[in-house]
Amino acid sequence: MNELYAHSCNKAGNKHRLSDHLLSVNKIASEFLSGTHLLDEACLAGLLHDLGKYGDLFQLRLQGKAEGIDHWSSGAWLAINEYKAVAAALAIQGHHIGLQHLNIDFLRALNPKQLAINHPLQLRLSESNLDVLKSRLTDDGITPQINHTLLGNELKSTVSTMLDVRMVFSALTDADFLDTEAHFKGGVEGQRYRSSGPDLQREHALEILLEHIKYLQSQTQAAREVTEVRASLLNNCLKAADSATGLFTLTAPTGSGKTLAMLAFALKHAVERQLRRVVIVLPYLSIIEQTSAIYRGVFESHFGQNYVLEHHSLAGSGVEKTESDSESKPGEQETAERQRRLLAENWDAPLIITTSVQMLESLFSNRPSACRKLHRLAQSVIFFDEVQTLPASLTVPTLGALSHLAYGYGSSVVFSTATQPAFEHLHETVKSHCTTGWQPQRIVSEPQSLFTKMKRTQVSWDNPEKGTSWDELAGHIKKYRQVLCIVNKKNHAKTLWENIGNDAFHLSTNLCPAHRRVVLDTVCNQLLNEEPVQLVATQCIEAGVDIDFPVVYRAYAPLEAIIQAAGRCNREGRREALGEFHVFQPLIENNENEFPDSGYGQAAQITKMLFRKHGADKMFLDNPDFITAYYRELYDISKPEAMKKTQRLLEYVTAGSFPDIAKEYRLIKQDAINVLVPYQTLIEEFNKLNDEGNTIGLTSEWIRRARPLTVGIYRPKQDDPIWDSLIPVKVAGRKDREQNDWFIYIKKEDYHPVLGLIPSGSLNTWIG
């Protein structure tokens, strides 16, 4: 038999022998899922994923003599027909086109005889005779076998089984990519695999962290009650870390040191349970920036810059890399930025910080690039901070997937927040989609004791039936030397700022990150120096922003948002008197929507309902039981298990439709775009990026430099006049390849020195 190959020549002129590739992918994939119930399926998928490349037509394709070849379906059919390995079959079939359908009719349609007659993608099989492919596989010394399959003959699709399939898919796609990349980066000496990320170094990392916390405690100027709460929270976390892996909740008030305490739990837990990785999942980029800076400050000097790895929409390349990219650009030198991007592709780092969107949508995705990192979640500690931001309609399938991730893969999932959602009452509903249900263990057994000691504010509540005009509110605010007012919408912030006057500060996501940083630094310095400072902000200031005002006003909102806002009032408890926290009802006119969206508005109405029911003196922001009662009211009204979106998602789960689930599972409803804005303070950098965007195009380096000058807006409608001010950035080296996520804003006069980006005539595009 002539030598058969998986890939064309690399830069050294070496072709990639097919048998070597199959055995290598088998080995890497098996290492990824070692110790799990999916090991056999991963091994089989590795050996069969490119079975079709044994066909003559594929070998001709490598010579440029054929095209439009399906080389994956034959291996998938062999896996399901001879080995009853459904997960392996779907992973093989999807490693180029994405996961498809877990149902008997779809699997039967993989029969080569049927595909040879009518291929759904109008492709040709590399070889329609399966016996030819099997004999060539055997001649290469490869004899697949399997002892344990995921489903056998029972093709029942659940949230758990679909996650299992994605795990096999993840291990296969990552192993396949790594081995293919190693071939094309290789030289005369053979394949060259990328450098692996650093190890967690559990014991050493824990020692460094505890020393850092001890140093901060010795330097703090916080009130004694605050330092006691922080010490108590840390002790609770270290004690609970001895527990077996599973589901946990961490309920603690804002300002109690959760950021470092939860990491202490994670590292101690990793030491006790020999876990491999810590993943921190956060809802907002602003929190990610702050958390990353804190963790890098602790570890970077000890373990290097790749120990803490950010992964989110503004940290990656923005351009999905494909196998053809590897072939066209072999042997590219690994700069520090390229190494970081490579590690982010498959989360090959000990401490990952990512967004809720990136994490959760990957758990329900069907795409190779999104699922590729999922196998890294096995034997890990996964923290979801500010988990109250999870949309109610996604709650049931999300809890099911996370429960199975914990109990099926030896991981621990922790929900951390000051306002812990009452998910436990969904246990039976979740159990019908994941046998382990949702029954987490408390890290802090009596959180009320922490909240009581952290009382730092006196709260006053306006009657929600009586609105306050923006002009009247501005009059109240101008009476204070240092005051923060948080509103629900950007146009509200703009109107209030205009009523207060130009001496006030303004903060919203209309400001690019660099601009927001300047505003926050200036405000914090003036607070520290006891200088006058009046700040109007949207809810972007409520989570992950360490700021301390003596007086805070907050418009009626969901209870969790109000509690977050209260955490910005007398945060350190250093003042002799309690902070003043006012909840007010803005006067909304002209049938304007009071809230940014319906879900936010529904939760805010529950807050108002509780006020009408209990009165101001029983609205306990520092009582976890009251917060639980709020969530019970919210879930009783919204009934997440009965929501149309929930039902639709669960119907897709029952049908085993990976593409439909991936399309339906979205944390953010509206499609957003990234816009490079002309912030005057950094206008020279804007001009450079503008020139490079137009001449070189979109690269990972360009995106990294553009991040501080980027504003996110909802994708405008086709006829919106804002398009006249937006120039798309073409993909570098591929000027014929359009992308529709990155744009440059060319009307410099539309970036206000205080209010940020105000597109003329397009206020509806703002993201609240």
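Welcome! A good place to start is tryptophan 702, which, leaving aside its neighbours within four places in sequence, is in contact with Leu676, Leu689, Glu692, Gly693, Gly697, Val729, Trp742 and Ile744. Please keep in mind that this is a predicted model. From Trp702 we can move on to the cores, a helix and a sheet.

**Nonpolar cores**
- Trp702 belongs to the largest nonpolar core, which has 166 residues; together with Met359 and Phe384, Trp702 touches the most other members.
- Helix 9, spanning residues 159-185, supplies the largest share of this core, with 11 residues.
- Another core lies apart from it and holds 50 residues, including Leu206, Cys237, Leu282 and Val414.
- As a general pattern, nonpolar side chains in soluble globular proteins tend to be buried together.

**Helix 16**
- Helix 16 (residues 356-363) is largely enclosed by the rest of the structure, because 7 of its 8 residues are buried.
- Its buried residues are Ser356, Gln358, Met359, Leu360, Glu361, Ser362 and Leu363.

**The open sheet**
- Here 7 strands form an open sheet with parallel pairing, and their order is 7-8-6-9-10-5-11.
- At the edges stand strand 7 (308-311) and strand 11 (441-442); each has a single partner strand, so one side of each is left without a neighbour in the sheet.
- Strand 6 (residues 277-282) is joined to strand 9 (residues 380-385) by 5 bridges, in the parallel sense.
- For arginine 277, the bridge partner in strand 9 is serine 380.

Notes: Residues numbered from 1 in each chain as written. Predicted model: local features only at pLDDT ≥ 70, side-chain atom pairs only at ≥ 80, totals over all residues. Heavy atoms only, no water. Core = buried A, V, L, I, M, F, W, Y, C linked by side-chain atoms within 4.5 Å. Buried < 20%, exposed > 50% of the residue type's maximum accessible area, 1.4 Å probe, protein only. Helix = DSSP H or I, 4+ residues; strand = E, 2+ residues; numbered from the N terminus. Contact = heavy atoms within 4.5 Å. Pairing = 2+ DSSP bridges.
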